[in-house]
Amino acid sequence: MLNHAKGAAPLYSQLETILREQIESGEYTKGDVFPTEKMLMEQYQVSRVTVRQACAALINDGYIKSSRGIGTVVIYEKIDEHLKRVISFTDEMKQHNITMKTTYCKMEEVHPPIPASKALEVPVTDTCYCLTRVRCVGGKPLVYTVTYLKKVCALPMDSECYMESLYQYLREEQGITIERGRDTLEAALPTKEVQGFLQIDSQMPVFKRTRQTFLKDGSVFEYSVCYYPGNRYQYTVDL
């Protein structure tokens, strides 16, 4: 229940957190009719203003939608990706019939940091390509990715080349085909950099996926670190 003690967080903020957690946990799923203002007022013993403030925040964050004559409906759906094979983020979204948009894209030549140097099996004194992107779904950032690519050929610095699927571009325009990959999955708290790109606060857990991919000859080609907001993404592994 809500904490009415002096110094506690505002009631609307507490209520928003409770309702958000109920939606994220699956107590309410996409398409469900959400409780009315009156029901929430009675259940949590708060004013209509408090309920409206909490619900307004949920509407703004894409959890619920209010329509005249219909009421309030849950529209939130955590994207569940089944881990089976190496595919691009673009293809992941296509499998869910979700429209994706790249809102930030930067390609550059850099000296790899130590983790990338080890993963790509190149010295830190060498240079590699570094592609940084933010991909959005429904106008909200869903993944922030930093991808290091070994220099097996000359790649253009023009960011327009990488606005869609990286793997498709490499395959169709550069003749580079990813044969297999290895993903490492873990939960983490976001750095300030990740917070900024994903537009989340410091307490929002992120889903971190580190990927290493290989070419047909077995050589390492890619080392990527991807960050997903924990409240919008999950992985399922078939065993």
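The sulfur of cysteine 105 lies 8.9 Å from the closest cysteine sulfur, that of cysteine 161, which is too far for a bond, given that a disulfide is taken as a pair of cysteine sulfur atoms within 2.5 Å. Cysteine 128 is likewise in no disulfide, the nearest cysteine sulfur being that of cysteine 130 at 6.7 Å, and the structure as a whole holds zero disulfides. Cysteine 105 counts as buried at 15% relative accessibility, and cysteine 128 counts as buried at 1%, where buried means under 20% relative accessible area, exposed means over 50%, and partly exposed covers the range in between, with a 1.4 Å probe and protein chains only.

This is a predicted model, in which local features need pLDDT of at least 70 and side-chain atom pairs count only at pLDDT 80 or more, while totals for chains, interfaces and linings use all residues. Residues are numbered from 1 along each chain as its sequence is written, and side-chain values use heavy atoms, with hydrogens and water left out.

Turning to the overall composition, the protein has seven helices and 10 strands, these being DSSP runs numbered from the N terminus, with helices of type H or I and at least four residues, and strands of type E and at least two. Buried residues make up 44% of the 239 residues. The protein exposes about 13200 Å², of which carbon and sulfur atoms supply 49%; such accessible areas come from the Shrake-Rupley method with a 1.4 Å probe, and for residues only the protein chains shown count as cover. Among contacts, meaning heavy atoms within 4.5 Å, that link residues at least 6 apart in sequence, 59% join residues at least 24 apart.

An open sheet of six strands runs in the order β4-β5-β6-β9-β8-β7, with antiparallel pairing, two strands being paired if DSSP finds at least two bridges between them. Because β4 (100-110) and β7 (180-188) stand at the edges, each with a single partner strand, one side of each is left without a neighbour in the sheet. Neighbouring strands of this sheet are turned by 15 degrees against each other on average, direction ignored, where axes are lines fitted to C-alpha atoms, for helices over the stretch in contact, and angles run from 0 to 180 degrees between N-to-C directions. At the β7 edge, nine bridges join β7 to the antiparallel strand β8 (residues 206-214), and alanine 187 stands opposite phenylalanine 207 in β8.

At the other edge, lysine 106 has its place in strand β4 and is partly exposed, with a relative accessible area of 38%. Leaving out residues up to four places away in sequence, lysine 106 touches Cys130, Leu131 and Thr132. Lysine 106 and tyrosine 162 are 56 residues apart in sequence, yet their C-alpha atoms are 8.6 Å apart in space.

The largest nonpolar core has 22 residues, and those with the most contacts inside it are Leu120, Tyr144, Tyr148, Leu198, Tyr223 and Tyr227; such a core is a set of buried Ala, Val, Leu, Ile, Met, Phe, Trp, Tyr and Cys residues joined through side-chain atoms within 4.5 Å. At least two residues of this core come from each of α5 (114-120), β5 (128-137), β6 (140-149), α7 (192-198), β8 and β9 (220-229). Apart from neighbours within four places in sequence, leucine 198 is in contact with eight residues' worth of listed partners, among them Pro141, Val206 and Tyr227. A second, separate core of 18 residues includes Leu2, Tyr28, Tyr44 and Ala54. In soluble globular proteins, nonpolar side chains tend to be buried together.

Alanine 116 lies in helix α5 and is buried, with a relative accessible area of 0%. Its contacts, not counting residues up to four places away in sequence, are Tyr148 and Tyr223. Alanine 116 and threonine 147 are 31 residues apart in sequence and 9.1 Å apart from C-alpha to C-alpha.

Outside that six-stranded sheet, strand β1 (residues 64-67) and strand β2 (residues 71-74) pair in the antiparallel sense over four bridges. The two form a hairpin with three residues between them, and glycine 69 in the turn has a positive phi of about 85 degrees; the bridge partner of serine 67 is glycine 71 in β2. Arginine 20, in helix α1 (residues 11-24), counts as buried at 16% relative accessibility, and its contacts beyond four places in sequence are Leu58, Asp61 and Tyr63.
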